[in-house]
Amino acid sequence: MEPFTMTKSLKKAQVDLLRFEKQLLTLGSGLAALSAGAGAQAADVVGDFATAHATEMQGAYLKLVETVQAAHDAIETSAVGAGVELLQ
């Protein structure tokens, strides 16, 4: 892949990832509000079932955030590699 195309491709990947992060933040805010508000009411109605699933959703969300961080790291590594190739 020629350097210009690789750079263009990396920028597109970064923009796509940032868009996804924006959606991820919205999801996180929604989960926090749902867990705090509805979680307390649901716990009264269905007991530990609601608490367990809220905890499970939060865990899944955190794994998703970790995956996005890994994607950032991979893009950064690719960008550094592309920069080194350009200098050589």
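Start with the secondary structure: this predicted model has two helices and zero strands. Colour the chain by element and pick out α1, residues 3–46, and α2, residues 48–87. With the whole chain selected, which has 88 residues, 14% of them count as buried. Switch on the surface: the chain exposes about 6,600 Å², and carbon and sulfur atoms supply 65% of that area. For the contact map, take pairs at least 6 apart in sequence; 81% of those contacts join residues at least 24 apart.

**Stop 1: the core**

Select Leu10, Leu17, Leu24, Leu31, Tyr61, Val68, Ile75 and Ala82, and show their side chains. These eight residues make up the largest nonpolar core. Both α1 (3–46) and α2 (48–87) give two or more residues to this core. As general background, nonpolar side chains in soluble globular proteins tend to be buried together.

**Stop 2: Val68**

Stay with the core and centre on Val68, one of its members. Val68 sits in helix α2. Is Val68 buried or exposed? Val68 counts as buried because its relative accessibility is 6%, under the 20% cut-off. Next, display what surrounds Val68, leaving aside its neighbours within four places in sequence: the contacts are Leu17, Phe20, Glu21 and Leu24. Of these, Leu17 and Leu24 also belong to the core. Draw a C-alpha to C-alpha distance from Val68 to Phe20; the viewer should give 8.7 Å, for two residues 48 apart in sequence.

**Stop 3: Ile75 and Ala13**

Move along to Ile75, another residue of the core. Which residues is Ile75 in contact with, once neighbours within four places in sequence are left aside? They are Leu10, Ala13, Gln14 and Leu17. Leu10 and Leu17 are core members too, and Leu17 is also in contact with Val68.

Now select Ala13, from the contacts of Ile75. Ala13 is placed in helix α1. Its relative accessible area is 28%, so Ala13 is partly exposed. Add Ala71 to the selection: Ala13 and Ala71 are 58 residues apart in sequence, with 9.5 Å between their C-alpha atoms.

**Stop 4: the charged side chains**

How many salt bridges does a search of the whole structure find? The search finds two. In general terms, side chains of opposite charge can pair when their charged atoms come close.

Select Lys12 and Asp16 for one of these salt bridges, where the N to O distance between the side chains is 2.9 Å. The two residues are four apart in helix α1, so about one helical turn separates Lys12 from Asp16. Lys12 counts as exposed because its relative accessibility is 52%, over the 50% cut-off. Asp16, with a relative accessible area of 35%, is partly exposed.

Keep Asp16 selected and add Arg19. Their side chains meet in a salt bridge with an N to O distance of 3.8 Å. Arg19 and Asp16 are both in helix α1, three residues apart, which is about one turn of the helix. Arg19 has 55% relative accessibility and therefore counts as exposed. Through shared partners, the salt bridges join Lys12, Asp16 and Arg19 into one network.

Note on methods
Residues numbered from 1 in each chain as written. Predicted model: local features only at pLDDT ≥ 70, side-chain atom pairs only at ≥ 80, totals over all residues. Heavy atoms only, no water. Core = buried A, V, L, I, M, F, W, Y, C linked by side-chain atoms within 4.5 Å. Buried < 20%, exposed > 50% of the residue type's maximum accessible area, 1.4 Å probe, protein only. Contact = heavy atoms within 4.5 Å. Areas by Shrake-Rupley, 256 points an atom, 1.4 Å probe, with all protein chains shown as cover. Salt bridge = Lys/Arg side-chain N within 4 Å of Asp/Glu carboxyl O.
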